[in-house]
Amino acid sequence: MKVVVAGQGYVGLPLAVRAAEVGHRVVGYDVNTERARRLAAGESYVEDVASSRLRAVLDTGAYSATADADALADFDIAVITVPTPLRGGVPDLTYIESCARTLGGRLQPGATVVLESTTYPGTTEELLLPILEKASGLKGGSDFLAGFSPERIAPGNKRFSFEGTPKLVSGIDAASLDVIKGFYDSIFQTTVPVSGPKVAEMAKLIENVFRFVNISLVNELATLAKPLGVNVWEAIDAAATKPFGFTRFTPGPGVGGHCLPVDPLFLSWKVRQELGVPFRFVELAADVNRHMPDYVVQRLAEAFQERGMPVSGSRILLLGLTYKINATDLRESPSARVAELLISLGAVVRGADPNIPAGDRAELTLPMVDATAEEIAASDAVVLLMDHARFDLAMIEKNAPYVLDCRNRLSGPNVETL
Ligand code: SAJ
């Protein structure tokens, strides 16, 4: 089938390349001409898609990348994998709307459109469908098919493969579900049909709300256990020995990334919009997680006070600036807020992160250094935000005058744990 994947980011590119590998003729469409150029040149910028895999499907002609919407004509299936950010706490669906208009203008009778972008329940039927119908003059269901299938990409997750992760599928009607299920059956080992797009939209949000709320639970526990004189890390590990009814989460300096700090707020916004009531768990979890960087700085200030040192003028090194361990992505990373707060207290802050590609360092306002023994020894305090595998933890322990360890990886008289 001729497949269009609209949006070639961390969700769209893995899907497009995999679909090409299993035999579909795939057009990877992205409005960003630089991205399209790099992909057409066989250069992957998505950590889970090696450039060698991209070049292989380019060479066979199974995959092509473009920013030219005219190349989308006559698609059998179009999958929308565009960003759905929050703007000032409000869901921004403009990328979906714009993409829907582009696809709608090229939608032929009998074709199918699937939305994968994370969004609140109702988006597929109440927003996407009307735009497709208006742009095409066709009727959803009778003239073309549509549905929702959430992405379950876990960047850098080596335990579960892309095709091995069960895929929820839904359709606006039985015929849509049938075609959409058939398409994803050709790519994924397991597809899970649900009764309609709203269920699939909600299921995706439940997955991330669950994670977001439980992380906030252990974050708040961390702030309470210390004054109670309890090692929260040891207590969580002890609780995790329970083989049922428990899922282990660990405290941290905050919750970053493009999924967790965003997706749950789509649901709490929709609940307020539609029902005029708060989704209390999500709003509370967001507040707890959002204030973890403040807690990190509070702990640092207390440590300086205990040592009779002012924070102002002190030299502080932040280790691990990306949003999660071993990730290369800086989006919504708590490190930015930690640095901002410390600088506002007059500290001289530097950052070190071997995972940040040289090209991405430009967006950093923080002076970047290498995590050398000299740099660490010259700091008044080191904060381990992300325990990347590429850090030499023993060297940090040995050379840092003081470390606030946000990941419970270090030990020693100079180490305090979050
Ligand atoms: N975090 C904690 N404590 C934890 C787990 C995470 O503080 O116990 C923090 C991380 O440091 C990070 C943030 O939360 O700042 C998000 O971490 P994450 O492990 O959830 O990583 P993400 O954002 O890449 O989440 C994605 C999600 N995948 C999708 O939405 C499709 C999530 O549902 C997956 O569970 C997760 O990957 C994964 O397991 O890798």
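**A friendly note on serine 268 and the ligand**

1. Let's start with one residue: serine 268 counts as buried, because its relative accessibility is 5%, and buried means under 20%. Please keep in mind as you read on that this is a predicted model.

2. Where does serine 268 sit? Look for helix α9, which covers residues 263–275; serine 268 is found there. Within that helix region, a polar atom of the serine 268 side chain lies 3.2 Å from the backbone oxygen of leucine 265.

3. Which residues does serine 268 touch, once its neighbours within four places in sequence are left aside? They are Phe279, Val282 and Glu283.

4. Now turn to the ligand. There are 20 residues around the ligand, and Lys204, Arg211, Thr250, Tyr323 and Arg407 come nearest. Sorted by class, this shell holds 9 nonpolar, 5 polar and 6 charged residues. Both domain 1 (2–203) and domain 2 (291–417) supply at least three residues to the shell.

5. Some polar pairs are worth finding on your screen. The side chain of asparagine 208 has an N or O atom 2.8 Å from an oxygen atom of the ligand. For glycine 256, a backbone N or O atom is 2.9 Å from a ligand oxygen atom. With tyrosine 323, a polar backbone atom is 2.5 Å from an oxygen atom of the ligand.

6. How much of the ligand does the protein bury? Taken alone, the ligand exposes 740 Å², and the protein buries 87% of that.

Terms used
Residues numbered from 1 in each chain as written. Predicted model: local features only at pLDDT ≥ 70, side-chain atom pairs only at ≥ 80, totals over all residues. Heavy atoms only, no water. Near = heavy atom within 4 Å. Polar contact = N/O pair within 3.5 Å; in protein donor to acceptor, adjacent residues only side chain to side chain. Areas by Shrake-Rupley, 256 points an atom, 1.4 Å probe, with all protein chains shown as cover. Nonpolar A, V, L, I, M, F, W, Y, C, P; charged D, E, K, R; others polar. Domains from an automatic or database assignment. Helix = DSSP H or I, 4+ residues; strand = E, 2+ residues; numbered from the N terminus. Buried < 20%, exposed > 50% of the residue type's maximum accessible area, 1.4 Å probe, protein only. Contact = heavy atoms within 4.5 Å.
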